[in-house]
Amino acid sequence: MALIFRGSTCGLCGERLGSLGPVVAFPAFVCNRRDPLFPLSDATVHAVCLAEHPLGQEALRRRDEVLARCGPGARVCTVCDQEILRPDDYFGTGYLADEGHPLGAFNYVQLHRVCFGQWAGAEALIARLEEAIQAGVWDGPTLRVDPLPRFAAASCGEDRKADEAGGQPSGPARAMDEAEGERGPLPLGGEEG
Ligand SMILES: [Zn+2]
Ligand SMILES: [Zn+2]
């Protein structure tokens with residue numbers, strides 16, 4: 001979650017957050033640096049700047065979609081159909097690419113890490129990610145399977161923190177943990193003081 005502190009600036013216009021009224025805080029909902037929405041991931045922006053931005057509505061829609069598809073309470077393993085309760089057991093792809101892209105077929109896949117080997121899509125996901133990296137359309141965490149899957153060397157700040165904390169299992173969707181309980185734009189009203 002983007003932290004707001006005195007002197008924070010808008011992710012879109014660069015001006016101080018206290019200067020233009022209400023602000024909207026985005027969780028880390030995009031992991032691919034090549035995604036046009038990446039600049040808004042984990043960013044806090046003026047509500048007026050977001051409203052004027054050509055991708056503003058798409059950013060809000062995607063953020064809500066990510067929360068609905070892999071937020072708390074929506075984590076069911078695609079292999080065994082059981083809820084994934086422990087964060088250490090969780091593997092999720094989050095949003096990878098547009099539906100029209102081969103990677104898009106793997107958006108919001110969630111499973112127990114131990115179930116990955118039994119998942120019919122495992123080989124294909126690894127192959128499609130490799131192709132996307134080669135083609136230059138994916139610049140985000142890379143998938144390691146050793147033998148359990150995890151996303152590593154993440155672009156997401158949340159994943160990077162997890163790595164620094166001792167290599168916690170992580171995925172693009174992991175960052176959504178911190179978004180629990182938050183729905184819709186957050187009119188925070190600017191800085192204090
Ligand atoms: Zn702004
Ligand atoms: Zn499972």
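Which element of the protein has the lowest mean pLDDT, and which the highest? Color this predicted model by confidence and take a look. Helix H4 (residues 157-164) sits at the bottom with a mean of 41, while strand E4 (residues 110-112) tops the elements at 97. Across the protein the average pLDDT is 82, and 75% of the residues score at least 70.

Next, select residues 154-171, where pLDDT stays under 50. The model has 41 contacts beyond four places in sequence for this stretch. Do likewise for residues 173-193: pLDDT is under 50 there too, with 48 such contacts.

Now for helix H2, residues 56-70. Put a distance on its end C-alpha atoms and you'll get 21 Å, which agrees with the 21 Å that 15 residues should span at 1.5 Å a residue. Show the side chains of Ala 59, Arg 63, Val 66, Leu 67 and Cys 70, which are buried. They cover an arc of only 110 degrees around the axis, so they lie on the same side of H2. Strands E3 (90-92) and E4 are part of what covers them. Spin round to the face turned away, and you'll find exposed Gln 57, Arg 61 and Ala 68.

Last stop: the cores. Pick Val 24, Phe 26 and Val 45, which touch the most other members of the largest nonpolar core, a set of 27 residues. Strand E1 (23-25), H2 and helix H3 (122-134) each give two or more residues to this core, and H2 has the largest share, with four. Apart from it lies another core of eight residues, including Ile 84, Phe 91, Val 109 and Cys 115.

Definitions and conventions
Residues numbered from 1 in each chain as written. Chains lettered and ligands numbered in written order. Predicted model: local features only at pLDDT ≥ 70, side-chain atom pairs only at ≥ 80, totals over all residues. Core = buried A, V, L, I, M, F, W, Y, C linked by C-beta atoms within 7 Å. Buried ≥ 20, exposed ≤ 12 C-beta atoms within 10 Å, placed from the backbone. pLDDT = per-residue confidence, 0-100. Contact = placed C-beta atoms within 7 Å. Expected span 1.5 Å × (residues − 1). Arc of directions from axis to C-beta.
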